[in-house]
Amino acid sequence: MAKLSKEEIIEAIKELSVLELNDLVKACEEEFGVSAAAGVVVAAGPAAGGAAEEEKTEFDVELTSFGEKKMDVIKVIRTITGLGLKESKELVEGAPKMVKEGASKDEANDIKAKLEEVGATVTLK
């Protein structure tokens with residue numbers, strides 16, 4: 001197989017539907033043992049332009065662990081994200097996973113409280 005350039009890969013990805021792209025991301029995560037959500041957070045950090053840490057206005061909410069009540073956590077994830085049952089279950093079982101990126105402080109704390117109420121462990125970044 002001929003090696004594709006980055007540009008060729010990007011052009012091929014642009015042709016994919018949202019569902020195909022979602023499948024590609026999952027396949028890459030499994031193949032390389034990485035999380036796409038973590039990559040997004042790392043990439044977003046430097047793009048912030050060096051804003052002062054004490055003035056942080058956007059937070060990423062990460063589900064660290066679902067605890068004892070997985071079904072309750074899945075229900076809360078569905079409500080928060082609007083994902084379907086299958087996608088919510090995959091997110092919960094794949095913890096640690098990002099639930100919401102770029103949330104306001106109030107929204108991030110609200111999501112954290114809802115998830116912790118049902119026994120999940122959540123980290124704000």
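These questions and answers cover the fold, core and backbone of a predicted model.

Residues are numbered from 1 along each chain as its sequence is written. Local features need pLDDT of at least 70 and side-chain atom pairs 80 or more, totals for chains, interfaces and linings use all residues, and side-chain values use heavy atoms, without hydrogens and water.

Biologist: In what order do the elements of the protein run from the N terminus on?
Modeller: Elements are DSSP runs: helices (H or I, at least four residues) and strands (E, at least two), numbered from the N terminus. The protein has six helices and three strands. Their order is α-α-α-β-α-α-β-α-β.

Biologist: Which element gives the largest share of the largest nonpolar core?
Modeller: Such a core is a set of buried (under 20% relative accessible area, 1.4 Å probe, protein chains only) Ala, Val, Leu, Ile, Met, Phe, Trp, Tyr and Cys residues joined through side-chain atoms within 4.5 Å. The largest has 17 residues. Strand E1 (59–65), helix H4 (70–81), H5, E2 and helix H6 (105–117) each give two or more. The largest share, four residues, comes from H4.

Biologist: Which residues does Val92 touch, not counting those up to four places away in sequence?
Modeller: Val92 is among the residues with the most contacts inside the core. A contact means heavy atoms within 4.5 Å. Val92 touches Leu63, Phe66, Lys70, Val73, Ile74 and Ile77.

Biologist: Which residues does a cis peptide bond join?
Modeller: Look at the loop between helix H5 (85–93) and strand E2 (97–103), where Pro96 sits. Omega is about 10 degrees at the cis bond, which joins Ala95 and Pro96.

How values were computed. Buried means under 20% relative accessible area, exposed over 50%, partly exposed in between (1.4 Å probe, protein chains only).
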